[in-house]
Amino acid sequence: MIAFVSGQVAAAGPDGAVIDVHGVGYAVQCTPATLAGLRVGDQARVPTSLVVREDSLTLFGFADDDERTVFELLQTASGVGPRLALAMLAVHTPDALRHAVAAEDLAALTRVPGIGKKGAQRIVLELKDRLGGPVGDGAPAARAANPAQAWRAQVQAGLINLGWSAKDADAAVEAVAADLDGGETPPVAALLKSALRKLSG
């Protein structure tokens, strides 16, 4: 898997960009919000997800690791492929999608082109325990004011990627947070190991 590409933005269009990595141009399909942060000529590091099909290799790019994680989780629902998952992220932020699924907000999900009422119901049913609740509680300002808590989303996403349910991941994150004494927050890798010990214990 190509986890990210890092290089100069060689070109940008309405639905993707080309990143020049040591002379090789990687075409990356992105959401409008991700493209808005890319400027031709600038250096960029774009988290990516490689989708392999019999007749194609398609690289999808994201604004951050959380967006990529949600993109991959969305595709675990029946009938949701990479194109629809990208469309969902073009309409909603990762946290907005988490909130819509957790609150069973079918109206929000059907705002995505290609998703009808039955499709929205299926997505809610299949993803409710996988996506979890909004990692930022829908408050970007609060997250910015409290960067020390940013590790929670990364650890939760890591646990979900390793196969734990969102409920178990949330419980482990809370247990690790309770152990912190208010001092300097350890690296995310160390916090993830601590969370895994909580779950394995």
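Here are some questions and answers about the predicted model shown above.

Residues are numbered from 1 along each chain as its sequence is written, and side-chain values use heavy atoms, with hydrogens and water left out. Because this is a predicted model, local features need pLDDT of at least 70 and side-chain atom pairs count only at pLDDT 80 or more, while totals for chains, interfaces and linings use all residues.

Q: How many helices and strands does the protein have?
A: Let's start with the way they are counted. Helices (H or I, at least four residues) and strands (E, at least two) are DSSP runs, numbered from the N terminus. On that count, the protein has ten helices and five strands.

Q: In what order do the five strands close into a barrel?
A: Strands of a sheet pair through backbone hydrogen bonds, either parallel or antiparallel. Here two strands pair if DSSP finds at least two bridges between them. The pairing in this barrel is mixed, and the five strands close in the order 1-2-3-5-4. From one strand to the next, the twist averages 55°.

Q: Which residue in strand 5 is the bridge partner of Leu-50?
A: Strand 4 covers residues 43-53 and strand 5 covers residues 56-61. These two strands pair in the antiparallel sense over six bridges. In strand 5, the partner of Leu-50 is Leu-59.

Q: At about what angle to strand 5 does helix 3 run?
A: Axes are lines fitted to C-alpha atoms, for helices over the stretch in contact (heavy atoms within 4.5 Å), and angles run from 0 to 180 degrees between N-to-C directions. Helix 2 (residues 65-74) lies across strand 4 and strand 5, at about 10° to strand 4. Helix 3 (residues 82-91) lies across strand 3, strand 4 and strand 5, and its angle to strand 5 is about 15°.

Q: Is Thr-34 buried or exposed?
A: Thr-34 sits in helix 1 (residues 32-36). Leaving aside neighbours within four places in sequence, Thr-34 is in contact with Gly-61, Phe-62, Ala-63 and Glu-67. Buried means under 20% relative accessible area, exposed over 50%, and partly exposed in between (1.4 Å probe, protein chains only). Because its relative accessibility is 5%, Thr-34 counts as buried.

Q: What distance separates the C-alpha atoms of Gly-132 and Lys-167?
A: Gly-132 is in the loop between helix 6 (117-131) and helix 7 (140-145), and its relative accessible area of 8% makes it buried. Not counting residues up to four places away in sequence, Gly-132 touches Arg-98 and Ala-166. Gly-132 and Lys-167 are 35 residues apart along the chain, yet their C-alpha atoms are separated by 7.0 Å.

Q: How many salt bridges does the count come to?
A: Side chains of opposite charge can pair when their charged atoms come close. A salt bridge here is a side-chain nitrogen of Lys or Arg within 4 Å of a carboxyl oxygen of Asp or Glu. By this rule the count comes to five.

Q: Which residue forms a salt bridge with Asp-65?
A: The partner lies with Asp-65 in helix 2, three residues apart, about one turn of the helix. Asp-65 counts as partly exposed because its relative accessibility is 39%, while the partner counts as buried because its value is 15%. The closest N and O atoms of the pair are 3.4 Å apart, and the partner is Arg-68.

Q: How far apart are the closest N and O atoms of Glu-104 and Lys-128?
A: Glu-104 forms a salt bridge with Lys-128. This pair links distant parts of the chain, with Glu-104 in the loop between helix 4 (94-102) and helix 5 (106-109) and Lys-128 in helix 6, 24 residues apart. Glu-104 is partly exposed at 45% relative accessibility, and Lys-128 is partly exposed at 34%. Their closest N and O atoms are apart by 2.6 Å.

Q: Which residue forms a salt bridge with Lys-198?
A: The closest N and O atoms of this pair are 2.4 Å apart. The pair links distant parts of the chain, from Lys-198 in helix 10 (residues 188-200) to a residue in helix 9 (residues 166-179), 19 residues apart. Lys-198 is partly exposed, with a relative accessible area of 37%, whereas its partner is exposed at 52%. That partner is Asp-179.
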